[in-house]
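Today I am opening a fresh notebook page for a structure that is new to me. Come along while I look things up one at a time.

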Amino acid sequence: MTGIVVVSHSAPLARAAVDLASQMLRGDGPEIAIAAGVADSSAPDGLALGTDAAAIAAAIESAADDHGVLVLMDLGSAVMSAHLAVEMLDPELAGRVRLSAAPLVEGLVGAAVTASTGADLEDVAGQADLAAEAKRMQLES
C-alpha cells in the first residue's frame with residue numbers, strides 16, 4: 001500500500017489531520033507517518049513549532065513500501081525541509097517519493113482513502129491533488 005507522510009510545523013495539527021483521515025477508512029489503511037515539530041525541551045510537550053529534514057527522511061523510510069510514499073506538507077518551509085529530506089534518502093527510495101502540493105487535510109483524506117484500496121503512488125497523488133478542486137467545485141455550486 002502506498003505510504004503517506006504528514007509534514008507539519010505543529011505536531012498536534014498533524015495528529016489531528018491523521019486522526020480525521022483515519023476515521024474515513026474502512027479496515028486497514030496505509031502507513032501514515034508524521035514528521036512534525038522540532039525537539040525543544042522547554043516546550044510543554046517537548047516539541048516546538050518547526051520542521052526537521054532528518055525527521056522527515058526517517059518518516060519517509062518508515063512509511064515506504066513497494067508502492068512508494070506520498071508526502072503532504074503544511075507551509076512553505078515544510079516544503080523546503082521535505083525537499084532536503086528526499087535528497088538525504090537512498091536514491092532508489094528517493095525515486096519512489098512524491099511531494100504533493102495538495103492542501104494538507106483534504107489531500108490527506110483523499111490520499112489515505114485511495115491508498116487503502118491498494119492504489120499506486122500516481123493514483124494516490126492524483127487523488128490528493130484533486131482535493132482543492134473538489135472544494136472549489138462545492139463552493140461554486
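**Entry 1: α5 and α6**

I began with two helices that meet. From α5, the residues Glu 106, Gly 107, Gly 110, Ala 111, Thr 114 and Ala 115 touch Asp 123, Val 124, Gln 127, Ala 128, Ala 131 and Lys 135 of α6. I sorted this contact by class and found five nonpolar, four polar and three charged residues. A note to myself before going on: this is a predicted model.

Next I looked up the geometry. Two packed helices are described by the angle between their axes and the distance between the axes. For α5 and α6 the angle is about 140°, and the axes are 8 Å apart. That angle makes α5 oblique to α6. The crossing of α5 past α6 is right-handed.

**Entry 2: α1 and α5**

I stayed with α5 and turned to its contact with α1. Here Leu 13, Ala 17, Val 18, Leu 20 and Ala 21 of α1 meet Leu 104, Val 105, Leu 108, Val 109 and Ala 112 of α5. How many residues of this contact are nonpolar, polar and charged? I found 10 nonpolar, no polar and no charged ones.

The axes of α1 and α5 are 9 Å apart, and the helices pack at about 40°. I therefore wrote down α1 as oblique to α5. Their crossing is right-handed.

**Entry 3: α2 and α3**

My third helix pair is α2 (residues 53-63) with α3 (residues 76-88), packed at an angle of about 60° with 8 Å between the axes. These two helices are therefore oblique to each other. I noted a right-handed crossing where α2 passes α3.

On the α2 side, Ala 53, Ala 54, Ile 56, Ala 57 and Ile 60 make the contact; on the α3 side, Ser 81, Ala 82, Leu 84, Ala 85, Val 86 and Met 88 do. By class, I have 10 nonpolar residues, one polar and no charged for α2 with α3.

**Entry 4: the cores**

Then I went looking for the nonpolar cores. The largest has 23 residues, and Ile 4, Val 6, Ile 32, Leu 70, Leu 72, Leu 108 and Ala 111 have the most contacts inside it. Which elements each supply at least two residues of this core? I listed β1 (3-8), α1 (11-23), β2 (32-36), β5 (69-73), α5 (104-115) and α6 (121-140).

There is also a second, separate core of 21 residues, and Ile 60, Ala 63, Val 86 and Leu 93 are among its members.

I picked Ile 4 for a look at its surroundings. Setting aside neighbours within four places in sequence, Ile 4 has contacts that include Ile 32, Leu 70, Leu 72, Leu 108 and Ala 111. Pro 30, Glu 31 and Ala 63 are also among the contacts of Ile 4.

Leu 70 came next, and I found it in strand β5. Is Leu 70 buried or exposed? At 0% relative accessibility, Leu 70 counts as buried. Beyond four places in sequence, its contacts include Ile 4, Ser 100, Ala 111, Leu 121, Val 124 and Ala 128. I also checked a distance: Leu 70 and Ala 35 are 35 residues apart along the chain, and their C-alpha atoms are separated by 13 Å.

**Entry 5: three single residues**

Ser 100 sits in strand β6 (residues 97-100). Its relative accessibility is 6%, so I put Ser 100 down as buried. Not counting residues up to four places away in sequence, Ser 100 touches Leu 70, Val 71, Leu 72, Met 73, Ala 128 and Asp 129. From Ser 100 to Ser 42 the C-alpha atoms are 32 Å apart, with their places 58 residues apart in sequence.

His 9 lies in the loop between β1 and α1. I noted a relative accessible area of 15%, and His 9 is buried. Leaving out residues up to four places away, the residues that His 9 touches include Gly 37, Gly 50, Thr 51, Asp 74 and Ser 77.

Last on my page is Glu 31, in the loop between α1 and β2. At 43% relative accessibility, Glu 31 counts as partly exposed. Apart from neighbours within four places in sequence, Glu 31 is in contact with Gly 3, Ile 4, Ser 62 and Ala 63.

Notes:
Residues numbered from 1 in each chain as written. Predicted model: local features only at pLDDT ≥ 70, side-chain atom pairs only at ≥ 80, totals over all residues. Heavy atoms only, no water. Core = buried A, V, L, I, M, F, W, Y, C linked by side-chain atoms within 4.5 Å. Buried < 20%, exposed > 50% of the residue type's maximum accessible area, 1.4 Å probe, protein only. Helix = DSSP H or I, 4+ residues; strand = E, 2+ residues; numbered from the N terminus. Contact = heavy atoms within 4.5 Å. Axes fitted to C-alpha atoms, helices over the stretch in contact; angles between N-to-C directions. Parallel < 35°, antiparallel > 145°, perpendicular 65-115°, else oblique. Left-handed = near helix turned anticlockwise from the far one by under 90°. Nonpolar A, V, L, I, M, F, W, Y, C, P; charged D, E, K, R; others polar.
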